[in-house]
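This report goes through one protein model under short headings. Please keep the sequence and the structure in view while reading.

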Amino acid sequence: MKVLFATFLPMHNEIRQELDSAYNRVLDKSYFIQGDECRKFEEEFAEYCGVKYCVGVATGLDALFLILKAMNIGNGDEVIVPSNTYIATALAVSYTGAKPIFVEPEIETFNINPSRIEEKITSNTKAIITVHLQGRTANMEAINVIAKKHNLKVIEDAAQAHGAKYKGKKAGSLGDAAGFSFYPGKNLGALGDGGCVTTNDKALADKVRALGNYGSDYKYHHIYKGVNSRLDEIQAAFLRVKLPNLDRWNEDRRATAKKYFEGIKIL
């Protein structure tokens with residue numbers, strides 16, 4: 001019996017007709033960037049996460065980078081990040097010109113250890129990026145207390161945490177802003193690259209949107225030195241099909257994991 005390490009076929013076969021309809025809907029409209037599909041997905045994902053705003057971007061890395069830029073973090077600044085994370089977390093910081101400051105994880109969760117954060121805070125520290133590694137939320141209560149004490153921003157790297165909860169609240173609603181990835185292998189994955197920023201801060205959301213659209217707040221009016229980072233219509237349409245299934249798929253993952261934990265015996 002051949003067991004594939006990863007396959008999307010069962011998931012996509014389940015919703016194949018809806019995916020086909022979403023593709024045809026976008027194709028027939030001939031509107032591929034910043035259209036209705038993206039706006040509707042942003043509204044739906046914001047509601048799902050329990051926040052006011054969601055801004056679609058091109059990747060999860062861009063989501064973190066644009067949050068930092070929108071917070072005016074750059075040269076000479078420091079941002080605390082967990083040492084146990086994917087490289088994108090630190091890359092986003094370094095792309096702004098700021099310096100990532102690494103903090104070791106808790107052995108129980110492999111997430112950033114709040115008890116080791118304060119020793120790394122300096123006068124140059126501007127934010128803490130906390131990663132919900134492999135869907136397990138970090139200790140946000142302790143992290144937010146530290147951030148408030150030192151007047152720091154809290155950014156969630158929620159690239160692996162679509163639908164995860166911390167004390168009844170969804171990942172993406174636990175700090176000042178959060179970055180999500182929709183890479184195909186994520187719990188909520190597109191059929192290509194994609195990402196988004198979630199926040200309750202309208203000014204931050206508006207600035208992220210402008211920064212990701214060449215720094216433009218409306219056509220041919222550029223107020224920032226921006227980049228090209230937008231969630232395209234086809235990927236947004238596919239994500240809209242997948243989002244209503246996310247909680248059920250997460251439960252399926254938990255049930256499968258439970259079988260492994262119960263069935264694998266250490267000799």
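## A salt bridge within one helix

Which side chain meets that of K258 in a salt bridge? The partner is E262, and the N to O distance is 4.0 Å. The model is a predicted one. Both K258 and E262 belong to helix α9, where they are 4 residues apart, about one turn of the helix. E262 is partly exposed, because its relative accessible area of 47% falls between the limits of 20% for buried and 50% for exposed.

Salt bridges that share partners also occur: R25, E37, E44 and R240 are joined by them into one network.

## Salt bridges between separate parts of the chain

The whole structure holds 13 salt bridges. One of them is formed by the side chains of K149 and E118, with 3.0 Å from N to O. K149 is part of helix α6 (residues 140–150), while E118 sits in the loop between β3 (99–103) and β4 (125–131), so this salt bridge ties together parts that are 31 residues apart in sequence. K149 is exposed, with a relative accessible area of 62%. E118 is partly exposed, at 34% relative accessibility.

Helix α6 takes part in another salt bridge, through E141. Here the partner is K167, and the closest N and O atoms are 2.3 Å apart. The pair links distant parts of the chain, since K167 is in the loop between β6 (165–166) and β7 (169–170), 26 residues away from E141. K167 is exposed, at a relative accessible area of 64%, whereas E141 is partly exposed, at 47%.

## The largest pocket

Rolling a probe the size of a water molecule over the atoms shows where empty space is left. The largest pocket has a volume of about 1400 Å³. How many residues line the largest pocket, and which of them lie nearest its centre? The lining has 32 residues, and G185, N187, W249, R253 and T256 lie nearest the centre. Two elements, α1 (9–14) and α9 (246–263), each give two or more residues to this lining.

Helix α9, which also holds the K258 and E262 pair, gives the most to the lining of the largest pocket, with 9 residues. By class, the lining of this pocket divides into 14 nonpolar, 11 polar and 7 charged residues.

## The second largest pocket

The second largest pocket has a volume of about 450 Å³. Its lining is made of 22 residues, and those nearest the centre are Y86, A88, A159, S181 and K186. The elements that give two or more residues to this lining are α4 (60–70), α5 (87–95) and β8 (177–181). The lining of the second largest pocket has 9 nonpolar, 10 polar and 3 charged residues.

## A cavity

How many cavities of 30 Å³ or more does a search of the whole structure find? The search finds 1. The largest cavity has a volume of about 60 Å³. It is lined by 13 residues, and Q34, V55, G56, S229 and R230 are the closest to its centre. Two or more residues of this lining come from each of α3, β1 (53–57) and α7 (202–211). By class, the lining of the largest cavity has 5 nonpolar, 4 polar and 4 charged residues.

## A nonpolar patch on the surface

Y23, L27, F32 and I33 make a nonpolar surface patch of about 340 Å². Where in the chain is F32 found? F32 is in the loop between α2 (16–29) and α3 (36–49). Why can F32 belong to a surface patch? Patches are made of residues with over 30% relative accessible area, and F32 is partly exposed, with a relative accessible area of 38%.

## A loop residue before β8

The last residue to look up is D176, in the loop between β7 and β8. D176 is partly exposed, with a relative accessible area of 32%. D176 and A210 are 34 residues apart in sequence. In space, the C-alpha atoms of D176 and A210 are 18 Å apart.

Definitions and conventions: Residues are numbered from 1 along each chain as its sequence is written. This is a predicted model: local features need pLDDT of at least 70, side-chain atom pairs count only at pLDDT 80 or more; totals for chains, interfaces and linings use all residues. Side-chain values use heavy atoms; hydrogens and water are left out. Patches are made of residues with over 30% relative accessible area and no salt bridge: like charges are joined within 9 Å, nonpolar side chains (Val, Leu, Ile, Met, Phe, Trp, Tyr) within 5 Å. Accessible areas come from the Shrake-Rupley method with a 1.4 Å probe; for residues, only the protein chains shown count as cover. Buried means under 20% relative accessible area, exposed over 50%, partly exposed in between (1.4 Å probe, protein chains only). On a 1 Å grid over the protein atoms alone, a cavity is a set of points where a 1.4 Å probe fits but cannot get out, and a pocket is an open set with protein on both sides within 12 Å along at least five of seven lines; lining residues have an atom within 4 Å of a point. Grid points are joined across faces, edges and corners, and a volume is the space filled by probe spheres set on the points. Ala, Val, Leu, Ile, Met, Phe, Trp, Tyr, Cys and Pro count as nonpolar, Asp, Glu, Lys and Arg as charged, and the others, Gly among them, as polar.
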